[in-house]
Amino acid sequence: MLPGETLHSGAPTFCDECQQTFEPQVMQSAAGWYVGTSCRCGPNTRESGYCPSPEAAAELLRIGTYSRTAPAAPPADLDADAVLTLVIFRC
Ligand SMILES: [Zn+2]
């Protein structure tokens, strides 16, 4: 992932073309559902990994802890609730 590719890593939060602010939302591509941003010009950034369903992507958006660079496996000393959160986090 390149710097500036997501809002978190410094992508613009505003489109100069259509004067619209980018707000994270549930989006879909051929690869799956994800949290990303778009404006009237089209899709802008992908902020999360791909999810299997729009519900899973919406849950990511609701929790607000999405990332494209989440750890591949939860730490061994994590409790069950935290593991569930991490699974959602990674999708
Ligand atoms: Zn635009």
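This briefing covers the zinc site, the strands and helices, and the overall figures of one chain. The model is predicted. The chain has 91 residues, and its secondary structure comes to 2 helices and 5 strands. A zinc ion is coordinated by C15, C18, C39 and C41, and β3, β4 and β5 form an open sheet.

**Zinc site**

- Four sulfur atoms hold the zinc ion: the SG atoms of C15, C18, C39 and C41, at 2.3 to 2.4 Å.
- The geometry of the site is tetrahedral, with angles of 104 to 117 degrees among the 4 donor atoms.
- Along the sequence, the spacing of the donor residues reads C-x2-C-x20-C-x1-C.
- C18 and C41 link distant parts of the chain, being 23 residues apart. C18 sits in the loop between β1 (14–15) and β2 (20–21), while C41 sits in the loop between β4 (32–39) and β5 (42–46).

**Exposure of two zinc donors**

- C18 has a relative accessibility of 16% and therefore counts as buried, since the cut-off for buried is under 20%.
- C41 has a relative accessibility of 52% and therefore counts as exposed, since exposed means over 50%.

**Sheet**

- The open sheet contains 3 strands in the order β3-β4-β5, and their pairing is antiparallel.
- β3 (25–29) and β5 are the edge strands, each pairing on one side only.
- On average, neighbouring strands of this sheet are turned by 65 degrees against each other, direction ignored.
- The antiparallel pairing of β4 with β5 runs over 4 bridges.
- The zinc donor C39 has G42 in β5 as its bridge partner.

**Helices and chain order**

- From start to end of the sequence, the elements follow the pattern β-β-β-β-β-α-α.
- Helix α1, residues 54–63, lies across β3 and β4. The angle between α1 and β4 is about 55 degrees.

**Whole chain**

- Of the residues in the chain, 30% count as buried.
- Among contacts in the chain with a separation of 6 or more, 29% come from residues 24 or more positions apart.
- The accessible surface of the chain is about 5700 Å², and carbon and sulfur atoms account for 55% of that surface.

Methods:
Residues numbered from 1 in each chain as written. Predicted model: local features only at pLDDT ≥ 70, side-chain atom pairs only at ≥ 80, totals over all residues. Heavy atoms only, no water. Donors = N, O, S within 2.8 Å, 3.2 Å for Na, K, Ca; no water. Tetrahedral: all angles 85-135°; square planar, octahedral: opposite > 155°, others 65-115°. Buried < 20%, exposed > 50% of the residue type's maximum accessible area, 1.4 Å probe, protein only. Pairing = 2+ DSSP bridges. Axes fitted to C-alpha atoms, helices over the stretch in contact; angles between N-to-C directions. Contact = heavy atoms within 4.5 Å. Areas by Shrake-Rupley, 256 points an atom, 1.4 Å probe, with all protein chains shown as cover.
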